[in-house]
Every structure is written in C-alpha cells, then in structure tokens.
Amino acid sequence: MIDTPAALRALYAAPGERAVRKQIDHLDPHCRRFIALSPFLVLATSDSEHRLDASPRGGDPGFVKVSGERELLIPDAPGNNRLDSFDNILATGSVGLLFFIPGFDETLRVNGRARLSCDPAHVAACTSERRAPKLVVQVRVEAAYLHCAKAFMRSKLWDPASLVDRESMPTIGQMIADQSGMTTAPETRAEMVRRYTPDL
C-alpha cells in the first residue's frame, strides 16, 4: 500500500525541468489556438464530499470561448438534465478541463475556479446558429498544461485500424435497460439518433 507522498515519490524519478516549467497560469497563444481548434473536452468536477464526476462536452471547433488570458466560457447544451457537473460547481467552484483535437496526440489540461453565469454578455458570446445556452460555465484559469502524446500513441486512438465495431456491444438503450431494470422497450440506435438530432 502506498499511503504517503514519500513512499509514492520513492517509486519514481524526479520530474524533468520541462515537465515542471510547462505548467503556466494563463492561456498563452498556443493554449488559445488549441482551444479554438477543439470540438471536445472532458469537464471534471467534485462535490463537497470529494465525490468526482467527469462529463464530456462537445460542439463545433472553438465552441469554448476564450475571453481573456485567464478566462474561458463553456456554453451549456441540451443533455440529460441530471446537472451533476453544475451541482458540483455550485458546491466547490473547482473544475479540471481536458481539451482534445481530432488527430492530435497531445491534449490541453486547464484547471481553475468556475461559476455558473447567465450574464447576457457571456450568453451572447457563446450563442451559435443552433442555440443560445441557458447558462455558461465561466472558468478563471489557474493552471494550463500541454500533455505529451504518449497516452494517445499507446492507445492508437486516432488510428483507423483501432476502431472497434459498434456491434461488439449492445446499443446504449439496451445497456441502460439492463442496468436500470426498466421494462420499456430499449431504444434502437436509429431511434436514438432521431431523438438526439434536434439537440445536436
């Protein structure tokens, strides 16, 4: 059992200078460009009891707006209405973000303080041809960090040869029916796509 920082650190070499110095406290031009090209991120939050949540968020490239060197805006979009991430932000005000760009093996991590905003200027900045968001997650950046490519190189995530046949698992409708015990007929993939389309 590893139960102390000293025991943990004893297993590993000290981080290299580049790994330490590449964390910055703002969004420089490289970070801003990365976010402008990104159509997908994972939003990590925690409640006051340290129960964690990680939620996918997506849109057109650049759907997250950078409003300054230390601020970005994430628009809400129609989802399942559980509001887990938003409840956690209300409880702790902390977020971790991981931005992805299709075809890039690098990712961008951003950590900071967050609040939920209905400020008309924030909503207007995040309004697209599809919709105006009900609210915007306003993030005050505390740390930004470009992750190296190793995880994606190991996983071959973008390699077409790594694609898994969707038929290798049941539809999400069937899996949720199995997990929940709900007796309604599970939704087919075609039905799911038709239901989702107005909210995309």
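**Figure 1. Aromatic pairs in the predicted model.** A search through the whole of this predicted model turns up four aromatic pairs. One of them brings together phenylalanine 40 and phenylalanine 100 in an edge-to-face arrangement, with 5.4 Å from centre to centre and 65° between the planes. This pair ties together distant parts of the chain, with phenylalanine 40 in strand β1 (residues 40–46) and phenylalanine 100 in strand β5 (residues 94–100), 60 residues apart. As for how covered the two rings are, phenylalanine 100 counts as buried because its relative accessible area is 14%, under the 20% cut-off. Phenylalanine 40, at 33%, is partly exposed. Zoom out a little and the aromatic cluster comes into the picture: Phe40 and Phe100 belong to it along with Phe152 and Trp158.

**Figure 2. An arginine over a tyrosine ring.** Here the view turns to a charge and a ring. Arginine 109 places its charged end over the ring of tyrosine 145, and the distance to the ring centre is 4.6 Å.

**Figure 3. A salt bridge within helix α2.** Side chains of opposite charge can pair when their charged atoms come close. The count for this model comes to seven salt bridges, and this panel picks out one of them, between arginine 21 and glutamate 17, whose closest N and O atoms are 2.9 Å apart. Both residues sit in helix α2 (residues 17–21), four residues from each other, or about one turn of the helix. Are these two partners buried or exposed? Arginine 21 and glutamate 17 are both exposed.

**Figure 4. Glutamate 187 with arginine 195.** In this close-up, the side chains of glutamate 187 and arginine 195 make a salt bridge, at 2.7 Å from N to O. Glutamate 187 has a relative accessibility of 22%, so it counts as partly exposed. Arginine 195 also falls in the partly exposed class, with a value of 46%. Elsewhere in the model, salt bridges with shared partners connect Asp25, Glu69 and Arg70 in one network.

**Figure 5. Neighbours in sequence, partners in a salt bridge: glutamate 69 and arginine 70.** The side chains of arginine 70 and glutamate 69 meet at 4.0 Å, N to O. Arginine 70 shows a relative accessible area of 30% and is therefore partly exposed. Glutamate 69 is partly exposed too, at 45%.

**Figure 6. Leucine 83, a loop residue with positive phi.** Most residues other than glycine have a negative phi. Leucine 83 goes the other way: its phi is near 65°, a positive value although the residue is not a glycine. Where does leucine 83 sit? Leucine 83 is in the loop that runs between β4 (71–75) and α4 (84–92). Its relative accessibility is 44%, which means that leucine 83 counts as partly exposed.

**Figure 7. Lysine 156, another positive phi in a loop.** Lysine 156 is not a glycine either, yet its phi is positive, at about 55°. Look for lysine 156 in the loop between α6 (150–155) and α7 (172–180). With a relative accessible area of 45%, lysine 156 is partly exposed.

How values were computed
Residues are numbered from 1 along each chain as its sequence is written. This is a predicted model: local features need pLDDT of at least 70, side-chain atom pairs count only at pLDDT 80 or more; totals for chains, interfaces and linings use all residues. Side-chain values use heavy atoms; hydrogens and water are left out. Helices (H or I, at least four residues) and strands (E, at least two) are DSSP runs, numbered from the N terminus. Buried means under 20% relative accessible area, exposed over 50%, partly exposed in between (1.4 Å probe, protein chains only). Rings of Phe, Tyr and Trp (its six-membered ring) pair if their centres lie within 6.5 Å; planes under 30 degrees apart count as stacked, over 60 as edge-to-face and the rest as tilted. A charge sits over a ring if NZ of Lys or CZ of Arg is within 6 Å of the ring centre and within 35 degrees of the ring normal.
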